[in-house]
Amino acid sequence: MARIAIIGAGISGLAAARRLHDAGHDCLVLEKSRGLGGRMATRHTDGLSFDHGAQYFTARGTDFRHQVHAWQDQGAVAAWGADRYVGRPDMTAPAGALAAPLEVRRNSRVERLRRCDGVWHLQVESTPEHAGLEGPFDAVLLALPAPQAAELSATAGTGFAALADVRYAPCIALMAAVEGSTDLHETSRQLSGQPLSWVARNGTKPGRETESETLVAHAGPDWFREHIQQDPDQLAHPLLTALRPLLGSARLLHHQVHRWLYARVEQAAGRPCLWDAGQRLGACGDWALGPHVEAAFDSGRALADAVLETLPDPRTGAS
């Protein structure tokens, strides 16, 4: 049985960890934030909830369709219109379902990697609750945005050249709660003007229960690039100004903004994952195949399969 560290608890990291765990390996997932799911995220505040990251996902391939059906059976996923799925009761639910049998340590920021005598050691942000997370590990998997994976692997004097080719579009999300009826009657709407490119009625998603109308609007990447140096709170006013014509007579009750620097993959690495069998270091994420939740899942599964081809089978001892 190999001891494997998976850094990042988004869909790709959890998919990799779950496959390796189910194959009999000892997996530790470390996540720097307090939540699971990466951009499959939901913000809860003042009795309101907003899916401020990924708005929904689709399922095209056979493996991911099977996974989505399993999530539906568990009550963690529901359909939102035709060919769209969402987590239920929020977008983190699929990640929670994947993580259920895993050892996951949240609020655990890995600062450095070190390989010595054929095994890996981690330097984790120093707090008492992080004692014992340093290793050793037989393999390390980086389930992070490409720039973060490149930065962390560089601390060990290694890395993957393909990570430098990945390009992202940033995004800023406006979360708003209103009282009264708006002029938005559909569940979501693509917008052609600036600064907003998308708006969704969050409360129309299955499992969301709120008395107020909750909206999530995304700014277009070009507009956000022009304002990326500004504090996110300073961007609330132009975003609310752009949203106001859609509100009709509704009264604004609450608003927040959230910035995603690595929101959508514009240029992928063009391969399912990265795996150095000699170093036993790998990387996975949506950046490998494209800007979709399914791509993140497929990348994590592909990396786990590459690891399983390298490490001895814990049940037979064969590799």
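# Notebook: rings, sheets and two helices

**Aromatic pairs.** I searched the whole structure and got nine aromatic pairs. Note to self: this is a predicted model. I looked at Phe 57 with Trp 71 to begin with. The pair is edge-to-face, with 6.3 Å centre to centre and 80° between the planes. I then checked where the two rings come from. Phe 57 is in the loop between β4 (48–50) and α2 (62–74), while Trp 71 is in helix α2, so the pair ties together parts that are 14 residues apart in sequence. Buried or exposed, Phe 57 and Trp 71? Both are buried.

Next I followed Trp 71 to another ring. Trp 71 also pairs with Phe 297, again edge-to-face, at 6.5 Å centre to centre and 75° between the planes. Here the sequence gap is 226 residues, because Trp 71 lies in helix α2 and Phe 297 in helix α7 (residues 293–310). Both Trp 71 and Phe 297 are buried. I wanted to know which residues make up the cluster around these rings. Phe 57, Phe 64, Trp 71, Tyr 85 and Phe 297 form one aromatic cluster.

**Gln 67.** I picked Gln 67 since its contacts lead back to Phe 297. Gln 67 lies in helix α2. Its relative accessibility is 16%, so I log Gln 67 as buried, the cut-off being under 20%. Leaving out residues up to four places away in sequence, Gln 67 touches Leu 98 and Phe 297.

**Charges over rings.** I looked for charged ends above aromatic faces. Arg 84 has its charged end over the ring of Tyr 56, 4.3 Å from the ring's centre. Lys 205 lies over the face of Trp 80, at 4.9 Å from the ring centre.

**Six-stranded sheet.** I traced the strand order and got β7-β2-β1-β10-β17-β16, an open sheet of six strands with mixed pairing. The edge strands β7 (103–105) and β16 (274–276) each pair on one side only. On average, neighbouring strands in this sheet are turned by 15° against each other, direction ignored. I zoomed in on one edge. Strand β2 (residues 26–30) pairs with β7 in the parallel sense, over three bridges. Which residue in β7 is the bridge partner of Val 29? I found Val 104.

I also checked which helices pack on this sheet. α1 touches β1 (3–7), β2 and β10 (139–142), and its direction makes about 165° with that of β2. α7 packs on the sheet too, touching β1, β10, β16 and β17, with its direction at about 20° to that of β16.

**α1 against α7.** I then took these helices as a pair. The axes of helix α1 (residues 11–22) and α7 come within 7 Å and cross at roughly 35°. The crossing is right-handed. On the α1 side the contact is made by Ile 11, Ser 12, Ala 15, Ala 16, Arg 19 and Leu 20. On the α7 side I listed nothing in full, but Phe 297 is among the contact residues, along with Ala 296, Gly 300 and Ala 304. So Phe 297 turns up in the helix contact, in the aromatic cluster and next to Gln 67.

**Ala 283.** I wanted one position from the sheet itself. Ala 283 is found in strand β17 (residues 281–283). Relative accessibility comes out at 0%, so Ala 283 counts as buried. Which residues does Ala 283 touch, not counting those up to four places away in sequence? I noted Leu 142, Phe 160, Cys 273, Leu 274 and Leu 303. I also ran a distance to α1's Ser 12: the two are 271 residues apart in sequence and 9.5 Å apart in space, C-alpha to C-alpha.

**Five-stranded sheet.** I traced another open sheet, in the order β12-β13-β14-β11-β15, with antiparallel pairing. β12 (188–190) and β15 (251–267) stand at the edges with a single partner strand each, so one side of each has no neighbour in the sheet. The twist averages 20° from one strand to the next. At the β12 edge, three bridges join β12 to strand β13 (residues 196–201), running antiparallel. The bridge partner of Arg 189 in β13 is Val 199.

**Hairpin.** Last lookup: strand β8 (residues 110–116) and strand β9 (residues 119–124) run antiparallel and are joined by six bridges. Val 110 has Val 124 of β9 as its bridge partner. The hairpin has two residues between the strands, and Asp 117 takes a positive phi near 55° there.

Technical notes. Residues are numbered from 1 along each chain as its sequence is written. This is a predicted model: local features need pLDDT of at least 70, side-chain atom pairs count only at pLDDT 80 or more; totals for chains, interfaces and linings use all residues. Side-chain values use heavy atoms; hydrogens and water are left out. Rings of Phe, Tyr and Trp (its six-membered ring) pair if their centres lie within 6.5 Å; planes under 30 degrees apart count as stacked, over 60 as edge-to-face and the rest as tilted. Helices (H or I, at least four residues) and strands (E, at least two) are DSSP runs, numbered from the N terminus. Buried means under 20% relative accessible area, exposed over 50%, partly exposed in between (1.4 Å probe, protein chains only). A charge sits over a ring if NZ of Lys or CZ of Arg is within 6 Å of the ring centre and within 35 degrees of the ring normal. Two strands pair if DSSP finds at least two bridges between them. Axes are lines fitted to C-alpha atoms, for helices over the stretch in contact, and angles run from 0 to 180 degrees between N-to-C directions. A crossing is left-handed if the near helix is turned anticlockwise from the far one by less than a right angle, and right-handed if clockwise. Contact means heavy atoms within 4.5 Å.
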